[in-house]
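Biologist: Could you take me through one part of this model in detail, namely the open sheet and the loops that lead into its strands? I would like to start from one residue and then see how the rest fits around it.

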Amino acid sequence: MKKTLLLALSLTAAAYTAQAQATSTKAAATAGPAITFEESKYDFGSVVQGGVVDHTFKFRNTGTAPLIISNIGVSCGCTTPEWTKEPVAPGKTGTISAHFNSAGKMGMQNKVLTIESNAAAGSTTVSLVGEVKEASATANAAPAMTTTTAAGDAKVKTDGKKTKEKVGDAKVKVKTK
């Protein structure tokens, strides 16, 4: 009986020690700055060739030291980033805005932004994905109209030559020639 009780106590102690080590390893991994995005991929759906997609990625510094973004690389010259330049204190938020110009593009697109910072995890990525459709496919566009979703979070305006779409923080403007 004593041996069984001693064995049970030993196993319990070992389990608690392993759990404590795993917890301290996780805590050590977030020591220093850490970047956590609300979303790492934005699907803009479809846009007519020549249209522009603007989207803002929001992030939080979930680390213990100020986060500094030093550079953002893009997979194509058609995508232009802008970001929070000042250090982001622990627990505070920042933004990265991406501007994608679909002129000269066709088909499915995956525009990757590589964020270089002093985060403990190193560089990370976010992306814009969607489809660019041929401009002539919308030449015979519908007459002017405005549409709003039931939730009121998306608005689309079109007059046959221009289409403007706004969903939350993202705006899409398309001009048909």
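Is Glu38 buried or exposed, and what is its relative accessible area?

Modeller: Happy to, and please keep in mind that this is a predicted model. Glu38 has a relative accessible area of 66%, which is over the 50% cut-off, so Glu38 counts as exposed. Glu38 sits in the loop between strand E1 (35–37) and E2. Across from this loop, Arg60 is 22 residues away from Glu38 in sequence, and their C-alpha atoms are 8.0 Å apart in space.

Following the chain on from that loop takes us into E2, and with E2 into the sheet you asked about. The sheet is open and has 4 strands, in the order E2-E8-E7-E4, with mixed pairing. Its edge strands are E2 (41–48) and E4 (69–74), each of which pairs on one side only. Neighbouring strands of the sheet are turned against each other by 20° on average, with direction ignored. As background, strands of a sheet pair through backbone hydrogen bonds, and the pairing can be parallel or antiparallel.

Let us go through the pairings. E2 runs parallel to strand E8 (residues 124–133), and 7 bridges join the two. Two points help to fix the register: Asp43 stands opposite Val129 in E8, while Gly45 stands opposite Gly130 in E8. On the next step of the strand order, strand E7 (residues 107–117) runs antiparallel to E8, with 9 bridges between them. Here Val112 stands opposite Ser127 in E8. E7 and E8 also form a hairpin with 6 residues between them. One residue to look at in the turn is Gly122, which has a positive phi of about 85°.

Now for two residues of E7. The first is Gln109, which lies in this strand. Gln109 has a relative accessible area of 10%, under the 20% cut-off, so it counts as buried. Its side chain is not without a polar partner: the side chain of Gln109 makes a polar contact with the side chain of Lys111 at 3.1 Å. Leaving out residues up to four places away in sequence, Gln109 touches Phe100, Leu128, Val129, Gly130 and Val132. Two of these names have come up before, since Val129 stands opposite Asp43 and Gly130 stands opposite Gly45. In a regular strand, side chains alternate between the two faces of the sheet.

The second residue is Ser117, which is also placed in strand E7. Because its relative accessibility is 17%, Ser117 counts as buried. The side chain of Ser117 reaches the backbone nitrogen of Ala119 at 3.2 Å. Beyond its neighbours within four places in sequence, Ser117 is in contact with Leu67, Ile68, Ile69, Ser70 and Gly122. Gly122 is the turn residue with the positive phi, and the stretch 69–74 that makes up E4 takes in Ile69 and Ser70 from that list of contacts.

There is also the loop that leads into E7. Ala103 is placed in the loop between strand E6 (93–101) and E7. At 48% relative accessibility, Ala103 counts as partly exposed. Ala103 and Gly50 are 53 residues apart in sequence, and the distance between their C-alpha atoms is 3.9 Å.

A word on the cysteines, too. Cys76 counts as buried at 18% relative accessibility, and Cys78 counts as buried at 11%. A search of the whole structure finds 0 disulfides.

Finally, here is the setting for this sheet. The protein chain has 1 helix and 12 strands, and from the N terminus on the helix comes before the strands. Of its 177 residues, 29% are buried. The chain exposes about 11000 Å², of which carbon and sulfur atoms supply 56%. Among contacts in the chain with a separation of 6 or more, 59% are between residues 24 or more positions apart.

How values were computed: Residues are numbered from 1 along each chain as its sequence is written. This is a predicted model: local features need pLDDT of at least 70, side-chain atom pairs count only at pLDDT 80 or more; totals for chains, interfaces and linings use all residues. Side-chain values use heavy atoms; hydrogens and water are left out. Two strands pair if DSSP finds at least two bridges between them. Axes are lines fitted to C-alpha atoms, for helices over the stretch in contact, and angles run from 0 to 180 degrees between N-to-C directions. Buried means under 20% relative accessible area, exposed over 50%, partly exposed in between (1.4 Å probe, protein chains only). Contact means heavy atoms within 4.5 Å. Accessible areas come from the Shrake-Rupley method with a 1.4 Å probe; for residues, only the protein chains shown count as cover. A polar contact is a pair of N or O atoms within 3.5 Å; within protein, one must be able to donate a hydrogen and the other to accept it, and residues adjacent in sequence count only if both atoms are side-chain atoms. A disulfide is a pair of cysteine sulfur atoms within 2.5 Å.
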